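Let's take a walk through a protein model together. Have a look at the picture and the sequence, and then we'll go from the whole chain down to single residues.

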Amino acid sequence: MEIIDITQTVSPRIVKWPDDTKPPSQEFVSHTDGGDPATVSEWKMSSHTGTHMDARMHFIPGGWTMEALDLGRSVGPCRLVDLTNVEGDISRAHLEAAEVAGQARVLLKTRNSNLGLMRREEFEESYAAISREAAEYLVEIGVETVGVDYLSVEPFEDEEFNTHHTLLGADVLILEGLVLTDVEPGEYFLACLPLKLAGSDGSPARAILIRNI
């Protein structure tokens with residue numbers, strides 16, 4: 001069995017969304033180096049830091065929050081689709097050509113991975129995202145979970161957040177910030193576990209892919 005970690009390492013230098021005014025920070029409240037009996041640190045970060053999951057409440061009033069996540073949505077067989085040659089955002093035609101119909105969980109590897117955007121510190125506005133029509137297609141074919149290789153499924157310029165509203169409105173689970181640069185397309189077993197945060201709109205997550213070798 002091969003386990004592939006597709007999680008971004010959280011640190012103060014991690015790429016962050018422009019609206020997040022502060023990067024993640026770690027403060028030690030006690031440390032063995034200073035003579036304390038134990039080392040304990042306190043972290044401060046956005047609920048949408050690095051590799052993370054959106055709760056439905058993120059854009060849908062009254063939607064479920066992180067403690068109510070059905071883990072069967074983010075754990076199970078998935079297909080990693082290669083869309084690295086696509087210029088611009090992902091369209092319905094791109095997904096149709098990738099033959100994702102019939103898949104419950106779909107991860108999209110785009111040019112973001114080729115460019116290593118999740119490994120950069122600077123935010124890139126021209127990242128590949130999921131267009132509204134592509135999101136509507138994912139809903140149409142019954143995809144339950146979709147994952148992307150940058151901080152948002154949403155095109156940066158869409159201030160109405162149509163992709164999020166389309167997906168979360170249909171209760172499609174969104175995984176963002178996946179690190180897929182070195183991962184080959186194909187069939188995997190996905191395990192993505194966010195923190196069980198009461199009332200939260202999202203949560204950082206540890207995400208892995210598993211396959212038999």
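Start with who touches whom. Among contacts between residues at least 6 apart in sequence, 73% join residues at least 24 apart, where a contact means heavy atoms within 4.5 Å. Before going on, a bit of small print: this is a predicted model, in which local features need pLDDT of at least 70 and side-chain atom pairs count only at pLDDT 80 or more, while totals for chains, interfaces and linings use all residues. Residues are numbered from 1 along each chain as its sequence is written, and side-chain values use heavy atoms, with hydrogens and water left out.

What is the chain built from? It has four helices and ten strands, and along the sequence they come in the pattern β-β-β-β-β-α-β-α-α-β-α-β-β-β. These elements are DSSP runs numbered from the N terminus: helices are H or I with at least four residues, strands are E with at least two. The radius of gyration is 17 Å, close to the 17 Å from the globule rule for 213 residues, so the chain is as compact as a globular protein of that length. (That radius is taken over C-alpha atoms, and the rule is 2.2 Å times the number of residues to the power 0.38.) Along its principal axes, the C-alpha trace spans about 60 × 45 × 35 Å.

Now for inside and outside. Of the 213 residues, 48% count as buried; buried means under 20% relative accessible area, exposed means over 50%, and partly exposed is in between, with a 1.4 Å probe and protein chains only.

Helix 3, residues 132-140, is a nice place to zoom in: Ala134, Ala135, Tyr137 and Leu138 are buried there. They sit on the same side of helix 3 because they cover an arc of only 155° around its axis, judged by the directions from the helix axis to the C-beta atoms. Among the elements covering these buried residues are helix 1 (92-98), strand 7 (145-148) and helix 4 (162-169). Just after helix 3, glycine 142 takes a positive phi of about 85°.

Next come the charged pairs. The structure holds nine salt bridges, each a side-chain nitrogen of Lys or Arg within 4 Å of a carboxyl oxygen of Asp or Glu. One of them joins arginine 211 and glutamate 2, whose closest N and O atoms are 2.7 Å apart. This pair links distant parts of the chain, with arginine 211 in strand 10 and glutamate 2 in strand 1, 209 residues apart. Arginine 211 is partly exposed at 30% relative accessibility, and glutamate 2 is partly exposed at 26%.

Another bridge connects aspartate 171 with arginine 56, the closest N and O atoms being 3.9 Å apart. Here 115 residues separate the partners. Arginine 119 and aspartate 182 also form a salt bridge, with 3.0 Å between the closest N and O atoms. Shared partners join Arg56, Arg73 and Asp171 into one network.

Finally, which way does the backbone turn? Most residues other than glycine have a negative phi. Glutamate 99, however, has a positive phi near 55°; this residue is in the loop between helix 1 and strand 6 and counts as exposed at 60%. Aspartate 171, which we met in the salt bridges, has a positive phi of about 60° without being a glycine. Its place is the loop between helix 4 and strand 8, where aspartate 171 is partly exposed at 29%.
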